[in-house]
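Trainee: Got a few minutes to go through a model with me? I'd like to start with the metal and then move on to the helices.

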Amino acid sequence: MKVFLSADIEGVTGATHWDETEKSKADYDEFREQMTAEVAAACEGAIEAGASEIWVKDAHDSARNLIAARLPQTVRLVRGWSGHPFLMMDRLDESFAAVMMLGYHSGAGSPANPLSHTMTGSTVSVKINEHFASEFLINAYTCGLVKVPVVFVTGDAGLCDEARALIPAIGSVAVKQGVGNATINIHPELAVDEIRRGAYLAIKEGPVLCQAPLPGNFQVEIQYKNHTKAYGNSFFPGARLKDATTIQFESDDYFAVLTFLGFVL
Ligand SMILES: [Zn+2]
């Protein structure tokens, strides 16, 4: 059984400030280690439940965060960005039985995490069919496109609630709660233990229950913080300027939506 895991850092227990997510900052190492520990625990749980091969997409910033030697030997680690429109799900295809998303965070505009954003910090909001879109939603639809169920998510409590609203049977571990510019976190070792157990149960029971729904049509609306971004990106084929800071794009084809997002976010 092949399992795909996409890993971010802003939804790892403890992570509260951008300095803790950026390679060049002194605060980063502790959180890179915690991201690695949470991903390794999810892999161990999945292997115990029957996964024979796990592809891990490092999906934060440079995509060169995870400490490879601390992951199980069955892991294939996808580092860097190939440029494929699947973005944080790069290399996912129909051959996988299940997807897990680790260290995920609430989307742009959400108060549930001080580090809330969607793909980049340059937007006020990203909406798909009038819903605020998190990276989880964008990537869950990618899973819907290739018909691979999303069985497990970890991150802030707001994101876990959102994931359960989309996929009621999804397994989740909320490792923290955001309050304004602060976070309330569970202990790093407790997070690791709960993630190992949660991943085991999700892989054991989740795949038949957790297919992500894929809409037939996508109305995408992106509001940027800076009007110059909106103007420039409005020239993407099929996009249009709604107002000075907002562009719109519409398609029935989710791959076309991903291609658009890859270029304008
Ligand atoms: Zn990130």
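Mentor: Sure, we'll take the metal site, the helix pairs and then some single residues. Keep in mind that this is a predicted model.

Trainee: Okay, which protein donors does the zinc ion have?

Mentor: They are Asp8 (OD), Glu10 (OE), Glu10 (OE) and His60 (ND1). They lie 2.0 to 2.7 Å from the zinc ion.

Trainee: And how are the donor residues of the zinc ion spaced in sequence?

Mentor: The pattern is D-x1-E-x49-H.

Trainee: Is the site of the zinc ion tetrahedral or irregular?

Mentor: Irregular. The angles among the four donor atoms run from 52 to 131°, and tetrahedral would need all angles between 85 and 135 degrees. For reference, the ideal angle for four tetrahedral donors is 109.5 degrees.

Trainee: Are Asp8 and Glu10 buried or exposed?

Mentor: Asp8 is buried, and Glu10 is too.

Trainee: Helices next. How do people usually describe two packed helices?

Mentor: By the angle between their axes and the distance between the axes.

Trainee: Then at what angle do helix 1 and helix 4 pack?

Mentor: About 30°, with the axes 7 Å apart. Helix 1 covers residues 28–48, and helix 4 covers residues 188–205. Angles under 35 degrees count as roughly parallel, so helix 1 and helix 4 are roughly parallel to each other.

Trainee: Is the crossing of helix 1 and helix 4 left-handed or right-handed?

Mentor: Right-handed.

Trainee: Which residues meet there, between helix 1 and helix 4?

Mentor: On the helix 1 side, they include Gln34, Ala37, Glu38, Ala41 and Gly45. Among those they meet on helix 4 are Pro188, Ala191, Ile195, Ala199 and Tyr200.

Trainee: What about helix 2 and helix 3, how do their axes cross?

Mentor: Helix 2 (residues 135–145) and helix 3 (residues 157–166) have axes that come within 10 Å and cross at roughly 30°. That makes helix 2 roughly parallel to helix 3. Their crossing is right-handed.

Trainee: And which residues of helix 2 and helix 3 meet?

Mentor: Phe136, Leu137 and Ala140 from helix 2 meet Leu159, Glu162, Ala163 and Leu166 from helix 3.

Trainee: Changing topic: where does Thr154 lie?

Mentor: In strand 7, residues 150–156. Thr154 has a relative accessible area of 0%, and buried means under 20%, so Thr154 is buried.

Trainee: What is Thr154 in contact with, leaving aside neighbours within four places in sequence?

Mentor: Glu38, Met101, Leu102, Gly103, Tyr104, Cys160, Val173 and Ile195. Two of those names came up before: Glu38 in helix 1 and Ile195 in helix 4 are among the residues that meet between those helices.

Trainee: I also flagged Leu190. Where is its place, and how far is it from Gly50 in space?

Mentor: Leu190 is in helix 4. Leu190 and Gly50 are 23 Å apart, C-alpha to C-alpha, and 140 residues apart in sequence. Leu190 is partly exposed, at 38% relative accessible area.

Trainee: Last thing: what phi does Arg91 have?

Mentor: A positive one, about 90°, although Arg91 is not a glycine. Arg91 sits in the loop between strand 3 (75–78) and strand 4 (98–104), and its relative accessibility of 39% makes it partly exposed.

Trainee: And what about the phi of Met119?

Mentor: Met119 has a positive phi of about 70°, and it is not a glycine either. Met119 is in the loop between strand 4 and strand 5 (123–128). With a relative accessible area of 26%, Met119 is partly exposed.

Technical notes
Residues are numbered from 1 along each chain as its sequence is written. This is a predicted model: local features need pLDDT of at least 70, side-chain atom pairs count only at pLDDT 80 or more; totals for chains, interfaces and linings use all residues. Side-chain values use heavy atoms; hydrogens and water are left out. Helices (H or I, at least four residues) and strands (E, at least two) are DSSP runs, numbered from the N terminus. Buried means under 20% relative accessible area, exposed over 50%, partly exposed in between (1.4 Å probe, protein chains only). Donors are N, O and S atoms within 2.8 Å of the metal (3.2 Å for Na, K and Ca); water is not among the atoms, so sites may look incomplete. Four donors count as tetrahedral if all angles lie between 85 and 135 degrees; four count as square planar and six as octahedral if opposite donors are over 155 degrees apart and all others between 65 and 115; anything else is irregular. Axes are lines fitted to C-alpha atoms, for helices over the stretch in contact, and angles run from 0 to 180 degrees between N-to-C directions. Angles under 35 degrees count as roughly parallel, over 145 as roughly antiparallel, 65 to 115 as roughly perpendicular and the rest as oblique. A crossing is left-handed if the near helix is turned anticlockwise from the far one by less than a right angle, and right-handed if clockwise. Contact means heavy atoms within 4.5 Å.
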